[in-house]
Amino acid sequence: MKDSYCGYCMRGELLDKFGIFICGLKVSSLILFKEQSKPGRCIVAYKDHVSELTDISDEERNAFMSDVAHAARAIHAAFHPDKVNYGAYGDTGCHLHFHLVPKYRDGDEWGGTFQMNPDKVYLSDAEYQEMIAKIRENL
């Protein structure tokens with residue numbers, strides 16, 4: 001099931017506003033979040049347009065969480081954060097997804113909740129591609 005107004009479902013221009021598709025995982029997509037004030041921040045979005053973990057079977061939920069863990073391991077290996085925070089929001093988007101937000105002891109917001117979109121750090125296309133390559137190397 002897809003929603004024609006959802007960036008996670010449709011990709012293209014809708015996704016380009018905030019993210020870059022990295023690759024497909026078992027039951028989800030891995031997306032680099034364009035705002036990179038937390039180097040390595042990504043999103044893992046479920047393959048179908050559902051709102052809640054409770055909207056999918058236990059088997060699908062376990063596969064989705066396995067994708068989340070797989071992506072987190074790649075982020076740890078590529079960027080060496082001190083911690084990865086996980087955020088599952090969707091009050092307006094209503095597409096099941098997790099934000100994987102690397103946190104660094106010497107960075108801003110250490111010890112607190114990350115801002116959803118601080119709108120501070122954007123990179124060149126080449127820098128985004130370099131980050132994506134580092135993530136793919138570690139998947």
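These are my notebook entries on the sheet, the helices packed on it and the largest pocket.

**Model.** I worked from a predicted model, and I took the residue numbering from 1 along the chain as its sequence is written.

**Sheet.** I began with the strand order and found an open sheet of five strands that runs β1-β2-β3-β5-β4, with antiparallel pairing. I noted β1 and β4, residues 83-87, as the edge strands, since each of them pairs on one side only. For the twist I looked up the angle between neighbouring strands, which are turned by 25° against each other on average when direction is ignored.

**Strands β1 and β2.** I then followed the pairing of β1, residues 19-24, with β2, residues 28-33, and recorded an antiparallel arrangement over five bridges. The link between β1 and β2 is a hairpin that passes through three residues. Within this pair I located Cys23, and I found that Leu30 of β2 stands opposite Cys23.

**Strands β4 and β5.** At the β4 edge I checked how β4 is joined to β5, and again I found five bridges, with the two strands running antiparallel. Here I marked His99 in β5 as the bridge partner of Gly87.

**Helices on the sheet.** I next asked which strands α3 touches, and I listed β2, β3 (42-46), β4 and β5, with the direction of α3 making about 25° with that of β5. Helix α4 also packs on the sheet, where I found it touching β1, β2 and β3, and its direction makes about 25° with that of β1.

**Helix against helix.** I looked up how α3, residues 58-79, meets α4, residues 125-137, and I noted an angle of about 115° with the axes 8 Å apart. I recorded the crossing of α3 and α4 as right-handed. On the α3 side I found Ala74, Ala78 and Phe79, which meet Met131, Lys134 and Ile135 of α4. Sorted by class, this contact holds five nonpolar residues, one charged residue and no polar ones.

**Largest pocket.** I turned last to the largest pocket, for which I noted a volume of about 240 Å³. Its lining is made up of 14 residues, and I listed Tyr8, Phe18, Thr92, Gly93 and His97 as the closest to the centre. When I looked for elements that give two or more residues to this lining, I found α1 (7-10) and β5 (97-103). By class I counted seven nonpolar, six polar and one charged residue in the lining.

Note on methods. Predicted model: local features only at pLDDT ≥ 70, side-chain atom pairs only at ≥ 80, totals over all residues. Heavy atoms only, no water. Pairing = 2+ DSSP bridges. Helix = DSSP H or I, 4+ residues; strand = E, 2+ residues; numbered from the N terminus. 1 Å grid on protein atoms, 1.4 Å probe; cavity = no way out; pocket = protein on both sides within 12 Å on 5 of 7 lines; lining within 4 Å. Points joined across faces, edges and corners; volume = space filled by probe spheres on them. Nonpolar A, V, L, I, M, F, W, Y, C, P; charged D, E, K, R; others polar. Axes fitted to C-alpha atoms, helices over the stretch in contact; angles between N-to-C directions. Left-handed = near helix turned anticlockwise from the far one by under 90°. Contact = heavy atoms within 4.5 Å.
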